[in-house]
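Please keep the structure open in the viewer while following this tour. Each stop names a selection and then describes what is found there.

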Amino acid sequence: MIEKSENIASLEEQFNQRIANGETIEPNDWMPEKYRKQLVRLISQHAHSEIIGMLPEGNWITRAPSLRRKLALLAKVQDEAGHGHYLYSSAETLGTSREEMFDQLHEGKAKYSSIFNYPTLSWADMGMIGWLVDGAAIINQTTMAKCSYGPYSRALIRICKEENFHKKQGMEIIATLIASGEKGKAMVQESFTRFWWPTLMMFGPHDSNSPNSADMMKWKIKLKSNDELRQRFIDMTVDQALAWELRIPDDKLKFNETTRSWETGEIDWEEFNAVINGSGPCNHERLEARRNAHDNGKWVRDAARAFEEKQRLKNKSAA
Ligand code: BYC
């Protein structure tokens, strides 16, 4: 028994050394159980965010204002499904099956990004998701693309390339609406006012209230803290919003000349906690839509499995 724990201690020491050296950890490498658990939690939560994130935008495919916009939105929503696939595959390398992850999501036990529990009420929201939501995701994910776990890091590199297109198409929708005149600009302002605070919540609680951050940063899964990334996003986005002459819905917003950074008022953490714990404006609707999609897709999964089995038997008899 003593020998066993000494062995684990030495494996853990070697593991920590590899992390300190900036090495990448691969699926068959030894890793502490807690590292594995944190990764499955993070990657599956991210995968669920991509899949649930298809719903608020999917809501506007039939109502896109032109064929060009419809094609771009369809492609974007399809990309999000692809991101979900890369991420579920990457989490599966840690020994948790896709079925288990789906079950956790459908039973309401797994989290997904708070932002997708808000409704999309106007076409401007499609621009806002690209500009703000994809913009926030890019800031978070380009940093994590350098994380210590190989499969997640490689998935993120590819995801970020596609998210950059998404952000640009969102900004183009906004620029077009603003250039169209007063009505278009008012539509953008109304959407911006609704999305500003929920987007800042995407980065998670303050560092001092983030129970997972210490482990995540020690193991270089997260390379920047929640507050650091949020601040980076605020500094970039406030300047963009001002260039579009949008009003930022924060009376306390001010520029700090010493830090050369924007200071905001406080996020409504009560609202954040309600949303991540299942009581946001659309939590129920999103999970219901997701469960229905899963049930309706059963025949496709059954057919794919039957095909796979047929191929397996064919290959066996040919061998
Ligand atoms: N929403 O200790 P903390 C996209 C939870 S989709 C919900 O700081 P951590 C797109 C957190 O999980 C991309 N839950 O946690 C798709 C934890 O609870 P558990 C979305 C949140 O992990 C379609 C608890 O609060 N991006 O781009 O160190 C269309 C304490 O937090 C949130 C990702 O998923 C939240 N906002 O840091 C358009 C990025 N914040 O798990 C676009 C991957 C916190 O202990 N995720 N919680 O029960 C992350 O980077 C990190 O998980 C977070 C939180 C920064 C979000």
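At what angle do helix α6 and helix α7 pack, and how far apart are their axes? The model is a predicted one. Select residues 124-144 for α6 and residues 150-179 for α7. The two helices pack at an angle of about 150 degrees, and their axes lie 7 Å apart. Angles over 145 degrees count as roughly antiparallel, and α6 and α7 are therefore roughly antiparallel to each other. Their crossing is left-handed. Sorted by class, the contact of α6 with α7 comprises 14 nonpolar, 10 polar and three charged residues.

Next, keep α6 selected and add helix α8, residues 182-201. Here α6 and α8 pack at an angle of about 30 degrees, with 9 Å between their axes. Because angles under 35 degrees count as roughly parallel, α6 is roughly parallel to α8. The crossing of α6 and α8 is right-handed.

Now select α8 alone. With 20 residues at 1.5 Å a residue, α8 should span 28 Å; the end C-alpha atoms are 29 Å apart, which agrees.

Where in α8 does a kink lie? Centre the view on F195: a kink of about 35 degrees lies there, shortly before the proline P198.

Finally, colour the buried residues of α8. They are G184, V188, Q189, S191, F192, F195, W196, W197, P198, T199, L200 and M201. The kink residue F195 and the proline P198 are thus to be found among the buried residues of α8.

Technical notes. Residues are numbered from 1 along each chain as its sequence is written. This is a predicted model: local features need pLDDT of at least 70, side-chain atom pairs count only at pLDDT 80 or more; totals for chains, interfaces and linings use all residues. Side-chain values use heavy atoms; hydrogens and water are left out. Axes are lines fitted to C-alpha atoms, for helices over the stretch in contact, and angles run from 0 to 180 degrees between N-to-C directions. Helices (H or I, at least four residues) and strands (E, at least two) are DSSP runs, numbered from the N terminus. Angles under 35 degrees count as roughly parallel, over 145 as roughly antiparallel, 65 to 115 as roughly perpendicular and the rest as oblique. A crossing is left-handed if the near helix is turned anticlockwise from the far one by less than a right angle, and right-handed if clockwise. Ala, Val, Leu, Ile, Met, Phe, Trp, Tyr, Cys and Pro count as nonpolar, Asp, Glu, Lys and Arg as charged, and the others, Gly among them, as polar. The expected span of a helix is 1.5 Å times one less than its number of residues. The bend at a residue is the angle between axes fitted to the seven residues ending there and the seven starting there. Buried means under 20% relative accessible area, exposed over 50%, partly exposed in between (1.4 Å probe, protein chains only).
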